[in-house]
Amino acid sequence: MPEATDVRVFRERPVSFVRRSGRMSEAQERAWAELSAHYALEIPRGEAATSVRPGAAIDPARVFGRHAPLVVEIGSGQGHAIVHAAASRPDSDFLAVEVFKAGLARTMLDADRAGARNLRLAEANAPEVLEHLLPAGSVDELWIFFPDPWHKKRHTKRRLIDADFAPLVRQALRPGGVVRLATDWEDYAQQMRLVFDEAQGFTRDFAGEWAERHPGRVLTAFERKGERAGRAIRDLAYRTAGGR
């Protein structure tokens, strides 16, 4: 039986993921049942399963119960980076954006074990989160670490970071907010750099050819895999105008 996929049937451009059906483990099912009431945002949908309905903006202060800096990670995977950050920075709030439910369930489980109550999860397509779910100027830091490189030439149109994506990032970030990126694919790193170098409203937050490794980025399986394959890890950071 063919796998069910969430392609952008109801969207104007290809999404940056293929959302395959799959079962969660018993532990993940239990985590979702017991913990999603606290961690998972209830997101009004459009037609697609991971869509965000226009006009569905959240109020971060209401969601988290306080006013605090907000860090958003797009493509949080199993949640290793964002759970570590949330547990280490209790004075900030964190939002993990991911389309794979099993990864979000694992994130909830690890967050609960770590006592990271300052974390929320959004099962949704990232561009729609930036455009519709997050209020303009509400995000202090946006992390995009090791997005799918779609390295085959016929698939590069699926890459998340392109000229259409940068304005959505700028819209979500506060003045002086920063977007941090990392990839182990050289041509994608160059594409990311070109996109944000040319995007209106961003300036480099690094000197030289590439940024230093962000100290808040924990070593994950994706990074280890790239290193084992002999690929260099490239970091980038861009700041929006109007503050620091």
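The bend at a residue is taken as the angle between axes fitted to the seven residues ending there and the seven starting there. In this predicted model, local features require pLDDT of at least 70 and side-chain atom pairs pLDDT 80 or more, while totals for chains, interfaces and linings use all residues. Residues are numbered from 1 along each chain as its sequence is written, and side-chain values use heavy atoms, without hydrogens and water.

Helix α1 (residues 26–39; helices are DSSP runs of H or I of at least four residues, strands runs of E of at least two, numbered from the N terminus) bends by about 45° at A33. Its 14 residues reach 18 Å from first to last C-alpha, close to the 20 Å expected at 1.5 Å a residue, the expected span being 1.5 Å times one less than the number of residues. Buried positions (under 20% relative accessible area, 1.4 Å probe, protein chains only) in α1 are Q28, A31, W32, L35, S36 and Y39; their cover includes α4 (101–114) and β3 (119–123).

In helix α7 (residues 186–198), Y188, A189, M192, R193, V195 and F196 are buried. These residues fall within an arc of 160° seen down the axis, and therefore line one face of the helix; the arc is that of the directions from the axis to the C-beta atoms. They pack against α6, β5, β6 and β7, with contact meaning heavy atoms within 4.5 Å.

T240 is located in strand β7 (residues 234–240) and counts as buried because its relative accessibility is 6%. Its side chain reaches the backbone oxygen of R174 at 2.8 Å, and a polar atom of that side chain lies 3.0 Å from the backbone nitrogen of G176.

How values were computed
Buried means under 20% relative accessible area, exposed over 50%, partly exposed in between (1.4 Å probe, protein chains only). A polar contact is a pair of N or O atoms within 3.5 Å; within protein, one must be able to donate a hydrogen and the other to accept it, and residues adjacent in sequence count only if both atoms are side-chain atoms.
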